[in-house]
Amino acid sequence: FPIAYAPVGRNVTPSYRGGPCRVDELHWTVPCFSFRATNNESGEEDDENDAEDDGDEGLSQAVTSFVRYLHERRIPHNVLFVQEDVSDNADDANSAASTGSRTIRCIDIPRQHQDHFDKDRHGFNAALGEISGMLIARTREHFDAFQEEEIVEQLQMYVACGPNDLKEIYEELQQ
């Protein structure tokens with residue numbers, strides 16, 4: 001999915017809920033957060049030897065805590081797990097310089113409830129694939145009429161997490 005290659009907009013926290021898991025906000029069409037295992041609370045990425053040890057446990061605990069938080073507040077969201085090479089540069093998720101080790105990164109996309117999105121009018125369903133950059137047109141006519149600027153506007157207006165929820169999410173991620 002193209003969202004997996006989205007650049008980091010900013011680091012939200014080097015650890016979440018005291019666990020070794022770096023959380024970044026991605027520079028994407030809608031607000032979304034990348035959870036990446038780290039080997040300590042400073043937010044440094046796992047090295048080759050630790051990538052499959054404590055880092056996976058820290059990532060699992062952080063993602064579980066965040067998903068529980070969203071569920072308790074009834075905030076819909078999509079979750080995408082991406083397997084990728086461990087970069088030699090912890091600040092560059094897209095770095096070609098790999099240690100040869102693999103890790104899991106989790107992208108969580110908080111969103112609005114889907115009941116008000118008119119997929120017939122917009123010409124696509126705003127599900128995980130579409131939010132993540134793989135737009136599937138409902139008809140050939142819709143495909144021919146698609147304009148990137150309009151699609152981005154529709155996703156930001158009808159799909160992106162509301163500002164009040166987003167403010168509370170940022171506060172939660174500082175825990």
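**Exercise 1. The fold in outline**

How many helices and how many strands are there in the chain? Find them in this predicted model, then write down their order.

*Solution.* Start with the count: the chain has six helices and five strands. Next, walk from the N terminus and note each element, which gives β-β-β-α-β-β-α-α-α-α-α. Then turn to contacts between residues at least 6 apart in sequence: 57% of them join residues at least 24 apart.

**Exercise 2. Inside and outside**

What percentage of the 175 residues count as buried, and what part of the accessible surface belongs to carbon and sulfur atoms?

*Solution.* Take the residues to begin with: 42% of the 175 count as buried. Now take the surface: the chain has about 9,300 Å² of accessible area, and carbon and sulfur atoms account for 45% of that.

**Exercise 3. Two cysteines**

How many disulfides does a search of the whole structure find? Look at C21 and C106 and explain the result for this pair.

*Solution.* The search finds zero disulfides. C21 is in none, and its nearest cysteine sulfur, in C106, is 8.3 Å away. A disulfide needs the two sulfur atoms within 2.5 Å, so the 8.3 Å between C106 and C21 is too far for a bond. Now check their surroundings: C21 is buried at 0% relative accessibility, and C106 is buried with a relative accessible area of 0%.

**Exercise 4. The nonpolar cores**

Which residues of the largest nonpolar core touch the most other members, and which element gives the most to this core?

*Solution.* A general idea helps here: in soluble globular proteins, nonpolar side chains tend to be buried together. In this structure, the largest nonpolar core has 20 residues, and those touching the most other members are Y16, V23, F33, F35, F66, I169 and L173. Next, ask where the core comes from: β2 (21-26), β3 (33-37), α1 (54-72) and α6 (163-173) each give two or more residues. Of the elements, α1 gives the most, with seven residues. Apart from this core lies another, of 19 residues, among them A4, C32, V82 and F117.

For a closer look, select I169. Leaving out residues up to four places away in sequence, I169 touches F33, F66, Y69, L70, I75, P110 and C161.

**Exercise 5. Salt bridges**

How many salt bridges does the structure hold? Then study the pairs E172 and R17, E84 and R105, and E72 and R73.

*Solution.* There are 10 salt bridges in the structure. In one of them, the side chains of E172 and R17 meet at 2.8 Å, N to O. E172 sits in helix α6 and R17 in the loop between β1 (8-13) and β2, so this pair ties together parts 155 residues apart in sequence. E172 is buried, at 8% relative accessible area, whereas R17 is partly exposed, at 46%.

Move on to E84 and R105, whose side chains meet at 2.9 Å, N to O. E84 belongs to strand β4 (residues 77-87) and R105 to strand β5 (residues 98-110), so the pair links parts 21 residues apart in sequence. Both E84 and R105 are buried. Salt bridges that share partners join R36, E84 and R105 into one network.

Finally, E72 and R73 form a salt bridge at 3.3 Å, N to O. Here E72 is exposed, at 61% relative accessibility, and R73 is partly exposed, with a relative accessible area of 40%.

Key. Residues are numbered from 1 along each chain as its sequence is written. This is a predicted model: local features need pLDDT of at least 70, side-chain atom pairs count only at pLDDT 80 or more; totals for chains, interfaces and linings use all residues. Side-chain values use heavy atoms; hydrogens and water are left out. Helices (H or I, at least four residues) and strands (E, at least two) are DSSP runs, numbered from the N terminus. Buried means under 20% relative accessible area, exposed over 50%, partly exposed in between (1.4 Å probe, protein chains only). Contact means heavy atoms within 4.5 Å. Accessible areas come from the Shrake-Rupley method with a 1.4 Å probe; for residues, only the protein chains shown count as cover. A nonpolar core is a set of buried Ala, Val, Leu, Ile, Met, Phe, Trp, Tyr and Cys residues joined through side-chain atoms within 4.5 Å. A salt bridge is a side-chain nitrogen of Lys or Arg within 4 Å of a carboxyl oxygen of Asp or Glu.
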